[in-house]
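Q: I am new to this structure and would like a close look at one part of it. Please take me through the pocket and the elements around it.

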Amino acid sequence: DTANRFDKCHPFAWSRNQRRAEIMSKISTQKKMKQQVRLTLWDFDDIGSLPDAALAIPLEKARVSVEEATPREVSMIVHSCLRDLSISATPRRNKLLAESLDQVQFFIWLYKEKHGTDFRILIELQRSKGDSFIFFEISRIILHTLKCRGNVEVESSEIISSTHQPERLYNEASFEFPQTERTEDMGAIMYTIVEMMKEKRVDANLLGLQKLYSSTRGGSGASIHLAGAVLQGGACDCDFLQTSIERYIYRNHKGNTRNDFEIKVYRAMHFYALAVLANSLCIWSAHTMNMQQIIHSQRWLGDDGLLFALISELSEVEIYPHNSYQAMRCLNILLRHSMKVRQRTLDLGAASLVSLSQCTGHSSHALLAKESDAVMNILAGALSKPTSISRHHSI
């Protein structure tokens, strides 16, 4: 495969630094351990081993009963559905903690309940945090799939309010440039975002970053303006946005965190910074903006540049798959637009980490799998035909 071919051509590219080699070893070990825990959580056929279901139905819990099925069969359907919806899941004792791309967290429980003279399985979803409406959409899809015994094809786009699925910016056959808003409207949007991100409270900073994310999802004039500020900077507020996004991507805040709350907030800000960068690249790519002057700079291709930061993000794919997905979105666009970036990516030894992300995506994250496949195809083409250009378009 591409990763093995790369290792033969560049045997010291990624392992030349001992720290990087140790990271790869740790990630591989964590991957095997997590897979084993997931497989053994409900890996049994005896319904009697499950805890009894509660009689009451607390607020914001969704549940469905399944007859003539074993815990193992139900578990396989649940994991398959979570993978198709690109929802990460972490085992927590006798339950799963799931998290969507929209930062909605919820628990998945399996119980047994009396049904006539026998028992049947009851699956319950309980929201932990995040948007209630999105939780309802997710739970509706999961419970319907369980009711149909997995005979339903689902994908992430079915969650109609998914804030991390970038909108289709253009149609390849006919593209119409969006109507441009008034200059004062664009200025007001940027002013609001910048003022929130300059606040001394981290929760206000997070709200500003979320506002920036939502403002870079469409093809409006404001979105193009903000994407340009993120990618190329400029005077005053534009330079502040570019510097802030890079700072949160590089995680320069780690040494300043004082408590668990700040750690969680900064972790969310890191994710949104990656998402904003991916959206900005997507907007400029869709509107055929010339990105080479920007991405060929030391800021991107230097030893500790943004390209290296995006590749490094893939080393934590098993821990933070949503972050890796956003990083892979960025890589997909960058590699499609520049042979120089492709060569630099190979020189940094990205093939091994892309292969790891590809494996993780196919096992638990459909959107990550799609982006990883596209990136791996581009890298394979760069190895065999350096002048070839992949025409895959990211969603």
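Which helix gives the most to the lining of the largest pocket?

A: Helix 9 does, with 9 residues. Keep in mind that this is a predicted model.

Start with the pocket itself. The largest pocket holds about 790 Å³ of space. Its lining counts 29 residues. E99, Q103, Q105, K129 and R267 lie nearest the centre. By type, the lining divides into 12 nonpolar, 8 polar and 9 charged residues.

Several elements share the work. Helix 2 (18-41), helix 6 (202-215), helix 9 (260-286) and helix 13 (321-337) each supply at least two lining residues. Strand 2 (88-92) and strand 3 (95-99) each do so too.

Now follow the strands. Strand 2 and strand 3 belong to an open sheet of 5 strands. The order is 1-5-4-3-2, and the pairing is antiparallel. Strand 1 (61-66) and strand 2 stand at the edges, each with a single partner strand, so one side of each has no neighbour in the sheet. On average, neighbouring strands of this sheet are turned by 25° against each other, direction ignored.

Walk across the sheet from the strand 2 edge. Strand 2 pairs with strand 3 in the antiparallel sense, over 5 bridges. These two strands form a hairpin with 2 residues between them. R93 sits in that turn and has a positive phi of about 55°. Along the pair, S88 stands opposite E99 of strand 3.

E99 deserves a second look. This residue is among those nearest the pocket centre. E99 also stands opposite Q105 in strand 4, and Q105 is another of the residues nearest the centre. Strand 3 and strand 4 (residues 105-115) pair over 5 bridges, again in the antiparallel sense.

Next come strand 4 and strand 5. They pair in the antiparallel sense over 11 bridges. K112 has I121 in strand 5 as its bridge partner. A hairpin joins the two strands, with 2 residues between them. G116 in this turn has a positive phi of about 70°.

Strand 1 completes the walk. Strand 1 and strand 5 pair over 6 bridges in the antiparallel sense. Here A62 stands opposite L125 in strand 5.

Return to the helices around the pocket. Helix 13, one of the elements supplying the lining, also packs against helix 16 (residues 366-384). Two packed helices are described by the angle between their axes and the distance between the axes. For helix 13 and helix 16 the angle is about 35°, and the axes are 9 Å apart. Their crossing is left-handed. On the helix 13 side, the residues in contact include P321, Y325, M328 and L335. They meet a set in helix 16 that includes L367, E371, V375 and I378. The residues of this contact divide into 11 nonpolar, 3 polar and 3 charged.

To recap, helix 9 gives the most to the pocket lining. Strand 2 and strand 3 contribute from the sheet. Helix 13 links the two parts of the story: it supplies lining residues and packs with helix 16.

Technical notes
Residues are numbered from 1 along each chain as its sequence is written. This is a predicted model: local features need pLDDT of at least 70, side-chain atom pairs count only at pLDDT 80 or more; totals for chains, interfaces and linings use all residues. Side-chain values use heavy atoms; hydrogens and water are left out. On a 1 Å grid over the protein atoms alone, a cavity is a set of points where a 1.4 Å probe fits but cannot get out, and a pocket is an open set with protein on both sides within 12 Å along at least five of seven lines; lining residues have an atom within 4 Å of a point. Grid points are joined across faces, edges and corners, and a volume is the space filled by probe spheres set on the points. Helices (H or I, at least four residues) and strands (E, at least two) are DSSP runs, numbered from the N terminus. Ala, Val, Leu, Ile, Met, Phe, Trp, Tyr, Cys and Pro count as nonpolar, Asp, Glu, Lys and Arg as charged, and the others, Gly among them, as polar. Axes are lines fitted to C-alpha atoms, for helices over the stretch in contact, and angles run from 0 to 180 degrees between N-to-C directions. A crossing is left-handed if the near helix is turned anticlockwise from the far one by less than a right angle, and right-handed if clockwise. Contact means heavy atoms within 4.5 Å. Two strands pair if DSSP finds at least two bridges between them.
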